[in-house]
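Please look through the sequence and the model shown here before reading on. The report below goes from the whole chain to single residues.

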Amino acid sequence: MEVKTSLLDNMIGVGDMVLLEPLSEESFIENLKKRFDHNEIYTYIGSVVISMNPYKSLSIYSAEKVEEYRNRNFYELSPHIYALADEAYRSLRHQDKDQCILITGESGAGKTEASKFVMSYVAAVCGKGQEVNKVKEQLLQSNPVLEAFGNAKTVRNDNSSRFGKYMDIEFDFKGDPLGGVISNYLLEKSRVVKQPRGERNFHIFYQLLSGASDDMLKKLKLDRDFSKYNYLSLDSATVNGLDDAASFRTVRNAMQIVGFMEDEVQSILELIAAVLKLGNIEFKPESRVNGFDESRVKDKNDLKEMCELLGIEQSVLERAFSFRTVEAKMEKVSTTLNVAQAYYARDALAKNLYSRLFTWLVNRINESIKAQTKTRKKVMGVLDIYGFEIFEDNSFEQFIINYCNEKLQQIFIELTLREEQEEYIREGIEWTNIEYFNNAIICDLIENNKNGILAMLDEECLRPGTVTDETFLDKLNTVCAEHQHFESRLSKNSKFLTDHSLPHNCFRIQHYAGKVLYRVEGFVDKNNDLLYRDLSQAMYKANHNLIKLLFPEGNPAKVNLKRPPTAGFQFRASVGTLMKNLLTKNPNYIRCIKPNDKKAAHIFTDSLVCHQVRYLGLMENVRVRRAGYAFRQAYEPCLERYKMLCKQTWPHWKGPAREGVEVLLSDLQVPAEEFAYGRSKIFIRNPRTLFFLEEKRRQCLEDLAALIQKIYRGWKCRTHFLLLKKSQVVVAAWYRRFAQQKKYQKIRCSALVVQSFIRGWKARKLLRELKHKKRCEEAVTTISAYWHGTQARWELRRLKKEAWNKHAVSVIWAAWLGTKARRELKRLKEEARRKHAIAVIWAYWLGLKVRREYRKFFRANAGKKIYDFTIQRIIQKYYLGLKKTMPSMSPIDKSWSTCPYGFLDGTHQELRRIFHLWRCKKYRSQFTEEKKATYEEKLAASELFKDKKALYPSSVSQPFKGDYVEITKNPKYQKLNSLVEDKVLLADVVSKINRANGKGTPRIFLLTKKCLVLADQKTGQVKASVPLPDLSSVFVSTQNDGFFALKLREGATSAAKGDYLLSSDRLIEIITKLYCTGAASAERNQIKIDISDEFLVQFKQDKVCVKFIQGTPKNSNSVSCKRKNNRLLEVSVPSP
Ligand SMILES: Nc1ncnc2c1ncn2[C@@H]1O[C@H](COP(=O)(O)OP(=O)(O)O)[C@@H](O)[C@H]1O
Ligand SMILES: [Mg+2]
């Protein structure tokens, strides 16, 4: 939404002093105060902006405000610096006039801030785009860099610019910024070495020490502590609301944006560090023979570090602080420096170093921001120069600064007061002159080439002989004494003789802005700005690019004996160029006023403001404005601009322009007192009238635009319609053609179909006829073919008959020929056989003859040898064959190869026997004692039973374990075990056969070396014990059963119960063990083993026969024993 406030809407006090009623100094200041109290810091005097420093931040510089003021008429909105900036920018763009913005006021009145607002406004409203934005950014970012190096805290202003700055911003025809050029004026370099009480050195020193990283400080050989440096004043080292560390970062960032290389920044910081180090170098006197003192560096550490930083040879610099070489013509004279001179040289070096660095910085920035194109540029200059300064102690710098302000005031007077009034007279406008103070006389006092103060100073500096500040003052006293703005105690003007406020070594100038007392001390030195050549040569020798660049006069190759121009001269020249430059441009004024001396918001010191209003000539300004006309313009452009407001002048006025304007104004009924006709210009008294004209023009332009729009739209619609119509005709024609084409194609298609049908019918008819004709032709052909066939067959038959006859003849002939041939073959064969037989007989006869011959030799030697050799070969072959067919090492392996040669049969059998014995021996040699015993038992068993009892073969594979009931381990048989004295050889369960019924009862059978025992199986109770000598023989059958009878010796005690008939599956083992045990004891006879199928057993008194028969199939599975009668027990054994 557009905010629209007018200059007259909601106005606090009066926005434009021209409208102030009644006009007096009191009401003027009252109006300023009222507006100031309501934060209205800007007030107009016509097109001049008065700016009061609010000393607090106001919310009137936002982006919205920029938009609000953009492209608006100057008087349309409430006063603002943006309105002025916009006006300047627009007339630059639209009227192609170079502009300058002159910002004046005392130190601390807000000039620098104002210049920044103007620049930021212009940056915000001018063109956009990547390239343009970069230029803008560089232009804006040059500010922080220059402020860091050129601004310092003073008692008046915490961020006081200590140099004058004029910046030309260059634009292209569209109003897009292209670049800029900065000019700097006289940096207050004395500040580097000494600052007045309550003030600081340049910001950069403090920023570097607070903001640099520890690393960087170490590199620069610096200490963070300010108190370590003589050049830094300590009483106000920190400033409220100023964060030096943060500023340092901002400055570094800005340098980067502006385009400083990293090594350039490093060099700059090294120079800053070097200046600080330089301040710490101190000197002491050393007496010389000639009675003079010579200075020596006291503590060389700082000197050393400084030399390291800048790459200077220490001895060179040290010498430069002790000696001074003066060159005149061809002579070189070296004089020593005393301590005071050494200090002077040191400070001069520091000041020069710093100020040259500053100038280099400005040039370097210019290099970055300069416009890249050579096309014609429009320029907007912004001048922010140091304000008028009155300190307690004013020196050369203040003198120069105030001179510059005088000059600016001159421009203001020239352009706003004098020029304007002169113009009225020139144009023949009725005009009553307005008195104002013209400060040209003061400017003349200072800058006059003949007897101006600066000229006097230069003269004094260049004069041979002793020159001091006092001689300079004397000169002034004689030359300027008569001047009404010059005051001095010793001047001829006796009225100051008794003025005690004017000390002897001072002079006073009545500036336009007030009287200022200048102390003459230092004027000559500062104007001379002398740097001993030894020092500049030492600097030039430095191994540091930047330093070398800053002291070109140190180059020994370019020794220039001419004195460099004095500081005053240089300044006067540069101010002169500046003034010339400004005069070519359209000026826009911002006059800054300081409300109080305390830098405080809300305080309005009437007297202070009143003083500024007076010396700025603001009242006169208002008066001239009020008496005069706000706006003037030559008749031609005026008519050109407003001719559309009147029918007679629109669109063309034929007569002279002045008459056109007259017609125009009368037509618009502008009151006659609102304008006046000059000779070449129309003068409009009130801005509002101009505003009225502008508004009318705007409306009219809108109407005209609407008209143009209307006609254009009509034309556009009509051409569009005509185009449509034309197109329609073309479309219709094309469509008709298309439709006809379609119809034609359809008819053509139908005709083709009909035609094709008829042709088809005709063709079929023809086909049919042709087919008939063809069939007739075929029939004829067939018939003739048959006839030809029959004829051919007849012929064939005839020919065949003929051929048969011919064949028979040839067969007979062939047979006869065959017979002839066979006969011939037989004959040939007979002949061949005969020839062969003769050859064979001949060969035999020859062989016989050879053999007969040969035999004679053969019989004598070879026969026996061949025989021996053959036999040997055969035997050898036999052995090798035998080796291959060797049977395995198992003793039971019966295989043996058959003998291949009859005459070796005996050998073959013998070898088989030897081999068997050998492998048996091998086999036996692996046996343990235990196994050997077992095998011996097995051997005994085989001797006893092999081929004698049918049970034997099944026992061969069973191992003879001996103890089957585990007699020693089984607790049941513990008692039984204890009864037996000897080692148990065998323990097993056997069946004891009952003699009465032949049934078996289980008994434990125990055998030891001495006896055998039968015991109850369950209880282990001994039933019978038989000492082995009592056993005479054992009976067993030949069958496959386990029955055996133990026959006891008759008459033995154990035989009382008779013999025992037992049965066991392990019969073979039991009997073998019994037999072997019996055989082992030598004291008795061997136990006899009887094997037969019938034997007698003694049961108590009766003898019973036990008979074994082959069993019937009924009980074929098991052995059964039955008592047949008293004398017979029959054991039936299943047949195998
Ligand atoms: N428009 C403003 N708004 C807020 N503060 C301002 C304004 N103008 C000036 N100041 C304050 O006044 C101080 C001095 O202003 P400055 O422009 O540096 O003075 P000058 O350049 O005239 O010596 C600034 O540092 C700032 O604090
Ligand atoms: Mg400033």
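Two residues are said to be in contact when they have heavy atoms within 4.5 Å of each other. The structure shown is a predicted model, and the contacts described below should be read with that in mind.

## The chain as a whole

The protein chain contains 31 helices and 31 strands. Its C-alpha atoms fill a box of roughly 195 × 135 × 90 Å along the principal axes, and its radius of gyration is 76 Å, whereas a compact globule of 1136 residues would have a value near 32 Å. Of the contacts in the protein chain with a separation of 6 or more, 64% are between residues 24 or more positions apart.

Buried residues make up 44% of the 1136 residues, and the accessible surface of the protein chain comes to about 63,300 Å², with 55% of that area belonging to carbon and sulfur atoms. The chain carries 185 positive and 135 negative charges, and the mean positions of these two groups are 23 Å apart.

## The magnesium site

Which protein atoms are the donors of the magnesium ion (ligand 2)? They are OG1 of Thr-112 and OG of Ser-161, which lie 2.0 to 2.2 Å from the ion. The pair links distant parts of the chain, since Thr-112 belongs to helix α4 (residues 111-125) and Ser-161 to strand β5 (residues 160-161), with their positions 49 residues apart in sequence.

Are these two donor residues buried or exposed? A residue counts as buried when its relative accessible area is under 20%. Thr-112 has a relative accessible area of 14% and is therefore buried, and Ser-161 is buried because its value is 10%.

## Asp-86 and Asn-588

Asp-86 is found in helix α3 (residues 81-94), and with a relative accessible area of 2% Asp-86 is buried. When its neighbours within four places in sequence are left aside, Asp-86 is in contact with Tyr-69, Arg-70, Asn-71, Arg-72 and Tyr-121.

Asn-588 has its place in strand β16 (residues 586-593) and counts as buried, at 9% relative accessibility. Leaving aside the neighbours within four places in sequence, the residues in contact with Asn-588 are Leu-84, Ala-88, Gln-99, Cys-100, Ile-101 and Leu-102.

## Helix α22 and its cover

In helix α22 (residues 606-615), the buried residues are Leu-608, Val-609, Cys-610, Gln-612, Val-613 and Tyr-615. In general, an α-helix has 3.6 residues a turn, so residues three or four places apart point the same way.

Which elements help to cover the buried residues of α22? The cover includes α1 (25-37), β2 (48-52), α14 (396-427), β16 and α23 (618-627). After α22 comes Gly-617, which has a positive phi, near 70 degrees.

## Glu-420 in helix α14

Glu-420 is found in helix α14, one of the elements included in the cover of α22. With a relative accessible area of 9%, Glu-420 is buried, and, not counting residues up to four places away in sequence, Glu-420 touches Leu-415, Val-624, Tyr-629 and Arg-632.

How far apart are Glu-420 and Trp-761 in sequence and in space? The two are 341 residues apart in sequence, and their C-alpha atoms are 118 Å apart in space.

## Backbone features to look for

Most residues other than glycine have a negative phi, and most peptide bonds are trans. Asn-71, although not a glycine, has a positive phi of about 55 degrees. Asn-71 is found in the loop between α2 (63-69) and α3, counts as exposed at 52% relative accessibility, and is one of the residues in contact with Asp-86.

Leu-186 also has a positive phi, near 35 degrees, and lies in the loop between β7 (177-185) and α6 (190-193), where Leu-186 is partly exposed with a relative accessible area of 26%. A cis peptide bond, with omega about 0 degrees, joins Trp-650 and Pro-651, and Pro-651 lies in the loop between α24 (635-642) and α25 (657-667).

Definitions and conventions: Residues are numbered from 1 along each chain as its sequence is written. Chains are lettered from A and ligands numbered from 1 in the order in which they are written. This is a predicted model: local features need pLDDT of at least 70, side-chain atom pairs count only at pLDDT 80 or more; totals for chains, interfaces and linings use all residues. Side-chain values use heavy atoms; hydrogens and water are left out. Helices (H or I, at least four residues) and strands (E, at least two) are DSSP runs, numbered from the N terminus. The radius of gyration is taken over C-alpha atoms; the globule rule is 2.2 Å times the number of residues to the power 0.38. Buried means under 20% relative accessible area, exposed over 50%, partly exposed in between (1.4 Å probe, protein chains only). Accessible areas come from the Shrake-Rupley method with a 1.4 Å probe; for residues, only the protein chains shown count as cover. Lys and Arg count as positive and Asp and Glu as negative; His and the chain ends are not counted. The place of a charge is taken as NZ of Lys, CZ of Arg, CG of Asp or CD of Glu. Donors are N, O and S atoms within 2.8 Å of the metal (3.2 Å for Na, K and Ca); water is not among the atoms, so sites may look incomplete.
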